[in-house]
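Work through the exercises below with the sequence and the structure open. Try each task before reading its solution.

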Amino acid sequence: MLEKEEIFKASSARNVSDFPDIGLVLDPVNAPAQDRNFFFPGRHWLDSSGNSIQAHGGGILYVPSTGIFYWYGENKDGPTYYAPTEYESLARVDLIGVSCYSSKDLWLWKYEGLVLEGDKEDESSDLYYKNVLERPKVIYNERSQQYVMWLHIDSANYTKASLGVAVSSRPEGPFEFLGSKQPHAFESRDMTVFKDEDGTAYVVYSSEGNSALHITPLQDDYLEFRNVMSRVFVDQHREAPAVFKHRGIYYMVTSDCTGWAPNTALVHVAENMLGPWETAGNPCVGGTSWFRSTTFFSQGSFVLPLPGLPNTFLFMADRWNSTELRHSRYVWLPLTVDGPVDEPVEGLFEFPFWWRVSIRWYSRWKLPVDWERNKQ
């Protein structure tokens with residue numbers, strides 16, 4: 001595993017292959033026959049209109065009744081500048097809003113527009129363009145028949161550290177912003193939302209100066225927090241949580257806290273969403289040791305269960321370009337949960353209860369030909 005000092009050096013010494021020339025694109029509309037339906041992690045990705053996809057730090061909602069996937073993420077299509085924060089100057093762009101894209105195959109994406117827009121007039125608004133909006137995630141509430149978006153809301157200097165919530169009657173939006181608050185009076189930064197099979201939803205967020213993660217279940221309407229909170233990975237400085245469930249076991253992929261610089265992903269496992277959680281190591285497989293130690297030069301954002309493909313998930317990550325955030329790239333790779341762990345848990349001298357998690361590196365890959373037919 002790389003030390004943090006090595007990681008920062010690596011971030012400033014990018015290889016050309018990490019950020020392929022902007023002329024080398026993943027263009028589904030004009031792709032040659034031999035590249036149809038292939039993903040190229042790290043390439044500049046265009047939507048169905050030929051424009052750059054702007055959905056950073058995002059997540060995907062699948063609607064089974066229509067077979068449509070909706071990808072929500074940060075629109076960073078503005079100039080990058082450095083703003084002072086509580087700890088350091090940090091690269092950022094003005095708050096533009098949350099983009100939404102739709103697709104039936106996860107490869108060709110149609111831009112649905114800004115479903116939650118920044119505000120250039122009202123300085124008191126959480127969505128004021130000089131504030132911060134990050135990591136939007138959307139889940140559906142069957143009881144209220146509303147699509148609920150949770151996201152990280154912050155002030156320009158990152159001291160507000162709150163969770164915001166917005167709702168819509170349609171996955172394509174627009175979403176109505178309802179406000180923000182700090183859960184249980186704790187700060188909240190990098191976050192995600194996870195909806196369990198029984199309908200219970202949870203927010204997972206970095207807190208306590210990013211030194212710990214908190215897990216809080218939401219009320220039945222998904223708009224407020226329940227009076228329950230679990231502190232996990234205390235003093236371990238983990239962020240960018242991405243949660244999924246397989247065969248009754250909960251899994252979470254996290255990153256270290258190194259700003260825009262990449263670092264080593266870890267996967268964690270639990271039998272209960274509120275814990276206790278065990279750390280199962282680095283799930284990255286393939287490439288060089290340096291590539292694996294930097295999560296393939298990216299930071300995780302979301303893990304999507306792939307309908308019709310048992311034991312297979314889509315790992316979504318961002319390859320941040322801190323000098324020009326609008327040109328950050330997407331690294332999507334297959335994540336598999338596929339067999340017993342072949343080493344005992346460190347310090348316990350026994351084999352664990354979970355299955356082995358692997359995020360495998362491919363410079364070019366595609367989903368099985370028949371997966372769309374089986375996804376319902």
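**Exercise 1. Charges over rings**

Find the ring over which the charged end of R364 sits, and do the same for R43.

Solution. Step 1: apply the criterion, which asks for NZ of Lys or CZ of Arg within 6 Å of the ring centre and within 35 degrees of the ring normal. Step 2: the charged end of R364 sits over the ring of F38, 3.6 Å from its centre. Step 3: R43 lies over the face of F40, at 4.0 Å from the ring centre.

A note on the source: this is a predicted model, in which local features need pLDDT of at least 70 and side-chain atom pairs count only at pLDDT 80 or more, while totals for chains, interfaces and linings use all residues. Residues are numbered from 1 along each chain as its sequence is written, and side-chain values use heavy atoms, with hydrogens and water left out.

**Exercise 2. Aromatic pairs**

How many aromatic pairs does the structure hold? Describe the pair W260 and W320, then the pair F291 and F296.

Solution. Step 1: rings of Phe, Tyr and Trp (its six-membered ring) pair if their centres lie within 6.5 Å; planes under 30 degrees apart count as stacked, over 60 as edge-to-face and the rest as tilted. Step 2: there are 27 aromatic pairs in the structure. Step 3: W260 and W320 are 4.9 Å apart centre to centre with 65 degrees between the planes, an edge-to-face pair. Step 4: W260 is in the loop between β18 (249-256) and β19 (266-270), and W320 is in the loop between β23 (312-319) and β24 (329-340), so the pair ties together parts that are 60 residues apart in sequence. Strands such as these are DSSP runs (E, at least two residues), numbered from the N terminus. Step 5: both W260 and W320 are buried, where buried means under 20% relative accessible area, exposed over 50%, and partly exposed in between (1.4 Å probe, protein chains only). Step 6: the ring centres of F291 and F296 are 5.5 Å apart and the planes stand at 70 degrees, so this pair is edge-to-face. Step 7: F291 is buried because its relative accessibility is 11%, and F296 is buried because its value is 0%.

Which residues do ring pairs link into a cluster? The members are F39, W45, W71, Y101, W109, Y111, Y330, W332 and W365.

**Exercise 3. Strand β4 and its partners**

Locate β4 and state how it pairs with β3 and with β7.

Solution. Step 1: β4 covers residues 68-74, and 7 of its 7 residues are buried. Step 2: two strands pair if DSSP finds at least two bridges between them. Step 3: β3 (residues 56-63) is joined to β4 by 6 bridges, and the two run antiparallel. Within this pairing, I60 stands opposite W71. Step 4: β3 and β4 form a hairpin with 4 residues between them, and G67 in the turn has a positive phi of about 70 degrees. Step 5: β4 also pairs with β7 (residues 97-103), again in the antiparallel sense, over 6 bridges. Here E74 has V98 as its bridge partner.

**Exercise 4. A sheet of 4 strands**

Give the strand order of the open sheet that contains β9, and name its edge strands.

Solution. Step 1: the order is β9-β10-β11-β12, with antiparallel pairing. Step 2: β9 (132-141) and β12 (176-181) are the edge strands, each pairing on one side only. Step 3: β10 (residues 146-154) and β11 (residues 162-168) pair over 7 bridges, and Y147 has S168 in β11 as its bridge partner.

**Exercise 5. Backbone details**

Which residues does a cis peptide bond join at P174 and at P276? Are D235 and A240 buried or exposed?

Solution. Step 1: G173 and P174 are joined by a cis peptide bond with omega of about 5 degrees, and P174 is found in the loop between β11 and β12. Step 2: a cis peptide bond also joins G275 and P276, with omega of about 5 degrees; P276 is in the loop between β19 and β20 (278-281). Step 3: D235 has a positive phi near 65 degrees and is exposed because its relative accessible area is 61%. Step 4: A240 has a positive phi near 50 degrees, lies in strand β17, and is buried because its relative accessible area is 2%.
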